[in-house]
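Hello,

Here is the structure I said I would pass on. Please open it alongside this email, since the notes refer to residues by name.

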Amino acid sequence: MEKYNYYEAVKEDVKNYISEHHDKVAQMGETREEIAQELNDTLWDDDSVTGNASGSYTFNTWKAEGYICHNLDLLAEACEEFGSDYAKLLSDGAEACDVTIRCYLLSQAIWEVLEEDGIGEA
């Protein structure tokens, strides 16, 4: 199985959200920083980007397990960043681990998408 690229997947979901909600995003602020913060607040609880609202992005444990396979280092980074108990998170299951990684990468992905697309004043 090929290693799942979480960062690219989250970036793609952010791009899709911005494309589908262009008018809403345009009203989030003038500076890139304002827009990034508003997007982060909005997408943190968006199941189509992080899965955090429901606790699952995939709604499929098997698929989530496939995504985290070979990404345990990224999960460890996310746990450290959030101050999460690695053992507890693992006991919560693959979908919780998947959501944690997506939330961990969210702000970086948002910022890169905004820069690439020239959204907001730098």
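Below is what was found, going from the core to the salt bridges, then to one buried arginine, one helix, the surface and the backbone.

Please keep in mind throughout that this is a predicted model.

Core

The largest nonpolar core has 33 residues. Those touching the most other members are Tyr6, Val14, Ile18, Leu39, Leu43, Ile110 and Leu114. Two or more residues come from each of helix 1 (6–20), helix 3 (32–43), helix 4 (61–68), helix 5 (72–82) and helix 7 (94–117). The most is given by helix 7, with 10 residues.

Leu39 is a convenient place to start looking. Apart from neighbours within four places in sequence, Leu39 is in contact with Tyr17, Ile18, Val25, Met28, Trp44, Ile110 and Leu114. Of these contacts, Ile18, Ile110 and Leu114 are also listed among the core residues that touch the most other members.

Salt bridges

There are 5 salt bridges in the structure. Three of them are described here, starting from Lys11.

Lys11 pairs with Glu112, and their closest N and O atoms are 2.8 Å apart. Glu112 belongs to helix 7 and Lys11 to helix 1, so this pair ties together parts that are 101 residues apart in sequence. Lys11 also forms a salt bridge with Glu116, at 2.9 Å from N to O. That pair likewise joins helix 1 to helix 7, and so ties together parts 105 residues apart in sequence. Glu116 has a further salt bridge with Lys15, where the closest N and O atoms are 3.7 Å apart. Lys15 is in helix 1 and Glu116 in helix 7, so here the parts tied together are 101 residues apart in sequence. Through shared partners, Lys11, Lys15, Glu112 and Glu116 form one network.

How do these residues stand with respect to the surface, buried or partly exposed? Lys11 counts as buried, because its relative accessibility of 5% is under the 20% cut-off. The other members of the network are partly exposed: Glu112 at 26%, Lys15 at 30% and Glu116 at 43%.

Arg102

Arg102 is another residue to look at, and is located in helix 7. Its relative accessibility is 0%, so Arg102 counts as buried. Which residues is Arg102 in contact with, leaving aside neighbours within four places in sequence? They are Tyr4, Tyr6, Ala9, Val10, Asp13, Val49, Thr50, Tyr57 and Tyr67. One of them, Tyr6, is also among the core residues that touch the most other members.

Helix 5

In helix 5 the buried residues are Leu74, Leu75, Ala78 and Cys79. They lie on the same side of helix 5, because the arc they cover around the axis is only 140°. The general reason is that an α-helix has 3.6 residues a turn, so residues three or four places apart point the same way. Glu80 and Glu81 are exposed on the other side of helix 5. The cover over the buried residues of helix 5 includes helix 1, helix 6 and helix 7.

Surface

Leu72, Tyr86 and Leu90 make up a nonpolar surface patch of about 250 Å². Tyr86 is part of helix 6, which runs over residues 86–92. Tyr86 counts as partly exposed, because its relative accessibility is 32%.

Backbone

Finally, some phi values to check in your own viewer. Gly83, just after helix 5, has a positive phi of about 70°. Positive values also occur in residues that are not glycine. Phe59 has a phi near 55° and sits in the loop between helix 3 and helix 4. With a relative accessible area of 55%, Phe59 is exposed. His70 has a positive phi of about 70°, and its place is the loop between helix 4 and helix 5.

Regards

Definitions and conventions: Residues are numbered from 1 along each chain as its sequence is written. This is a predicted model: local features need pLDDT of at least 70, side-chain atom pairs count only at pLDDT 80 or more; totals for chains, interfaces and linings use all residues. Side-chain values use heavy atoms; hydrogens and water are left out. A nonpolar core is a set of buried Ala, Val, Leu, Ile, Met, Phe, Trp, Tyr and Cys residues joined through side-chain atoms within 4.5 Å. Buried means under 20% relative accessible area, exposed over 50%, partly exposed in between (1.4 Å probe, protein chains only). Helices (H or I, at least four residues) and strands (E, at least two) are DSSP runs, numbered from the N terminus. Contact means heavy atoms within 4.5 Å. Patches are made of residues with over 30% relative accessible area and no salt bridge: like charges are joined within 9 Å, nonpolar side chains (Val, Leu, Ile, Met, Phe, Trp, Tyr) within 5 Å. Accessible areas come from the Shrake-Rupley method with a 1.4 Å probe; for residues, only the protein chains shown count as cover. A salt bridge is a side-chain nitrogen of Lys or Arg within 4 Å of a carboxyl oxygen of Asp or Glu. The arc is that of the directions from the helix axis to the C-beta atoms.
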